[in-house]
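Trainee: I have a structure open on my screen and would like to learn how to read it. Could we go through it together?

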Number of protein chains: 2
Amino acid sequence: MTSPTTRRQFLQAVGVSGGAGVLYSTMAALGLAPAAQAAPAFRAPNRSDFTLTGRSAKSVLILGAGIAGLATAYELAKAGYRVQILEARNRPGGRNWTVRGGTVETDLDGQTQRARFSGGQYLNAGPARIAQHMVTLDYCRELGVPVEVFGNQNADSYYFNDNVGALSGHPIRHREAKADVYGYVSELLAKATDQGALDAHLTGEDKERLLEFLRSFGAIGPRVAGDPAASWRYTGTNRRGYEVEPGAGFQAGTPKLTPYPLSDVLASGVGRYFSFEFGYDQAMLMFQPVGGMDRIAYALEEAVGRRHISYDAEVRSISNTGSGVSVVYTGPGGRTRTATADFCVCTIPPQVLAKIPSNLTEPVRTALAYAVPNATGKIGLQYRRRWWEQDEKIYSGITNTNLDLSAIWYPSYGFHGAKGVVVGYYNNGANARTYAALSPADREARAVAQGVRIHGEKYRTELETSFSVAWERTRYSEGGWVSWPSRTTGGHYGRLLEPDGRVYFAGDHLSHYIAWQAGAFESARKVVTALHTRVMSS
Amino acid sequence: MTSPTTRRQFLQAVGVSGGAGVLYSTMAALGLAPAAQAAPAFRAPNRSDFTLTGRSAKSVLILGAGIAGLATAYELAKAGYRVQILEARNRPGGRNWTVRGGTVETDLDGQTQRARFSGGQYLNAGPARIAQHMVTLDYCRELGVPVEVFGNQNADSYYFNDNVGALSGHPIRHREAKADVYGYVSELLAKATDQGALDAHLTGEDKERLLEFLRSFGAIGPRVAGDPAASWRYTGTNRRGYEVEPGAGFQAGTPKLTPYPLSDVLASGVGRYFSFEFGYDQAMLMFQPVGGMDRIAYALEEAVGRRHISYDAEVRSISNTGSGVSVVYTGPGGRTRTATADFCVCTIPPQVLAKIPSNLTEPVRTALAYAVPNATGKIGLQYRRRWWEQDEKIYSGITNTNLDLSAIWYPSYGFHGAKGVVVGYYNNGANARTYAALSPADREARAVAQGVRIHGEKYRTELETSFSVAWERTRYSEGGWVSWPSRTTGGHYGRLLEPDGRVYFAGDHLSHYIAWQAGAFESARKVVTALHTRVMSS
């Protein structure tokens, strides 16, 4: 950019076609405006940005065909950038990985698994759910990937805890646990309110409204005049479910009315799981692509163009050359090749990238080493019969436990079909490492032995086959996600938000949606904007 | 049945092929066992019941091709009964009615509507959701009707109340309302607990566990040593949502942290809606058939055989003839015909049946008049754009209000499509009668004017077309469902559970799942069992 006129012309062009958001961030990049508090709405680079300014699109080499790499290529290619992706695996998606019959994987310990799932059955080994507010859904819309509800909450699935007193080892339906906890909470708060214990916090009108709310919220009894002990009592509710269902004629149903005793419910720890469902990221409704999470990856692959992606391309070195970047990689068959481009966007996980030779600067290498990879794992258990639907009336959803399997997921697709894949564990940290240390056969045995305690022997006898993944032992990933000990401005994390020469970094690890695909998409958009702004400003 | 030997042979045959349940109920019917508390598991009549006992199957005339009539025909036909259904409408399903483009309906006031919905768009005018535990899903499985999740709960839809104080006319996301109510409830109960107000009810261990639970449940602060006022405070949580979403880089997001004041939240009445989602019938997950609720009706029609159903057949009289039944009806074109059979199962709603000439006994006619029909209505609003997904990130679910529209439903199908049908009101009682009294155009205008208050002008400007139904003004139904002032044994309700001569009665109104298809299925099963037991016993 050589003169104010040129600069103004560029800003006008961007402003006209891109709206205030990109104009503002471009001004910020040029030092003409303070950095925005909130990122402006993303505005994809456009071919007209080049035609209107007489610039030519640049070439960009993208390392990794996970969601961040694919999204970067997709957005840049839309504007006419020449993109090339190098991907070490033989498929797109990275951790967005749907395991189907025929999938073969050898882990870092040399253990090879071949999935034997039946047609139509799959395991989303990585991301498996999408919140309504996430940009991931916007990409599904744009790419034409159909979505369906993911059952992240189900009144009829279970809580199951060991070593928690009287209710240890007792599967409790979500609806029972919530009815009892909400019932007792309401009874206790109503009693305290009515006896005046909260008069410092509540007006008389507040009190009556609160009591009315608690009666409905907890399904508790009314005030009994002159008898505080008999007032506001929780004695069970048909919200807990029925021993005998309501039916025809005089069959009003026999509710499972008797609640678990208050002390037992408190000791059981079931309540510790409730808030999961209130989380901004986890509250229903949530979604998944029809047919497997990798439908997103394959849709991006198609949009980018298969010819722009080199699979089985393992990066050996990365060099800033001053005028561009040069990347050495081994292609299919092991032959060494070199790719060059004007810019590079590297989406390789920090813990993997740190081990690849490069002339990246020392602060960047230090920042990469600062990321802490997390252990996480899943097993898919294929059953010959959907006993959870047929016998237990559980149509998708999650059972939570304090066993080391952590959670069991019932499939959110293929309802009423002949078979189904249950996620037999989804855990992280120490629990994940316990499973990772086992052979695939032993992981299955451990998960099944624990599941039998909840669902009975059919959990073993109806099993056909399984496939497990331990992400920290998975080549090219070496972790489920990373965490940052701190993310202060000017710190290690911040270093990776800036390019190192002509190399940019992207991935969910560079977002506040770590462990979500949304983070990868958001990071890609940020890098695309930064790179395009630089190209437009040069 | 003429001898103990014959009776024993029959009981053995039923016991062997049907299991203990049907044996027990058969014994009860024969007076050999006390009436069962709980109904035994349904066992469909089987052809072998006839071949094993040398009996021949009877003919059964079924009045009404709603779910009760279709299910009756389906179960009886499986066993070889000769079935014929007379249906006044020109389609199966009764109140299970999916309105699509081209649907034409003239109501009892002579108002004709023709639906102009686009291809793939529909309104389930009657039943629209199925709980996991309902027999309706078993029929979907058996009939091969694919199902998908119905969004009966959504953290991102709204509560909207008028005349409730400071929050009047203010759309509040479900997630905000729950976070604030759970937060304040937790703060208040924690304070009361910690100050000893509940020591009569809680042990020291209970108290610590309760406080730990409340911290997570309400997202409240910790105990502040020596400062009760500063302890356990609810000051907001990111569960409420974000002003600016979390994103890439340093964009941690800006949560909508500030809660609504306690008094305002209590006055707003948002909490009165919470317990809906805990109900045995309404708790998620819930389901719907892919492509419209009438997929169940059409699957039953196909299973029964189209040739066994006479449409446009309006019943004019019903007669017990001693040895059978005789029904006069007008066929297509108005010609009067007479159908006869060994038995009749009448599924016509009581308020409609009461007006049809018959020689039914006086107690039966009195019982029919005892049912109280309920008003209920819906409108389907087709929008040219799915603004609730695109602009508000609401993917299905329900907005609850205290306006007379009562509830707005966002569609649970066609996500990301070009158009969508929103249920603009679903109400009953006085609210439904308010809408029923209007012309279809005025219903649309009223629903839209109220919806604009929640969603803004796009609720009007993006609208393409609508179709409304008022069930109490709908021919052949004359109500959404009925209620019974009482259901004592030996009372009017009980009279209809027994046949009148050779005429049996079935429908959701004769079940404890009134207003649910499950009630129609359960009632059909009960009548099928009773009728088959009689045939097998004669």
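Mentor: Happily; we will go from the single chain to the pair. Keep in mind that this is a predicted model.

Trainee: How many helices and strands does chain A have?

Mentor: Begin with the secondary structure. In chain A you can find 16 helices and 26 strands. For its extent, the C-alpha atoms fill a box of roughly 85 × 60 × 45 Å along the principal axes.

Trainee: What percentage of the residues in chain A is buried?

Mentor: A residue is called buried when its relative accessible area is under 20%. In chain A, 60% of the 538 residues are buried. The accessible surface of chain A is about 19500 Å², and carbon and sulfur atoms hold 49% of that area.

Trainee: How many positive and negative side chains are there in chain A?

Mentor: Chain A carries 57 positive and 48 negative side chains. Take the centre of each set, and the two centres lie 8 Å apart.

Trainee: Which contacts tell me about residues 24 or more positions apart?

Mentor: Look at contacts with a separation of 6 or more: in chain A, 67% of them join residues 24 or more positions apart.

Trainee: And how can chain B be laid on chain A?

Mentor: Use a turn of 180 degrees with a shift of 0.0 Å along the axis, which gives an RMSD of 0.0 Å. Such a relation is that of a two-fold axis. Within chain B, B:L189 has the C-alpha nearest the axis, at 2.7 Å. Both copies use the same surface, as 100% of the contact residues of chain B recur in chain A.

How values were computed: Residues numbered from 1 in each chain as written. Chains lettered and ligands numbered in written order. Predicted model: local features only at pLDDT ≥ 70, side-chain atom pairs only at ≥ 80, totals over all residues. Heavy atoms only, no water. Helix = DSSP H or I, 4+ residues; strand = E, 2+ residues; numbered from the N terminus. Buried < 20%, exposed > 50% of the residue type's maximum accessible area, 1.4 Å probe, protein only. Contact = heavy atoms within 4.5 Å. Areas by Shrake-Rupley, 256 points an atom, 1.4 Å probe, with all protein chains shown as cover. Lys, Arg positive; Asp, Glu negative; His and termini not counted. Charge placed at Lys NZ, Arg CZ, Asp CG, Glu CD. Least-squares fit on C-alpha atoms with pLDDT ≥ 70 in both.
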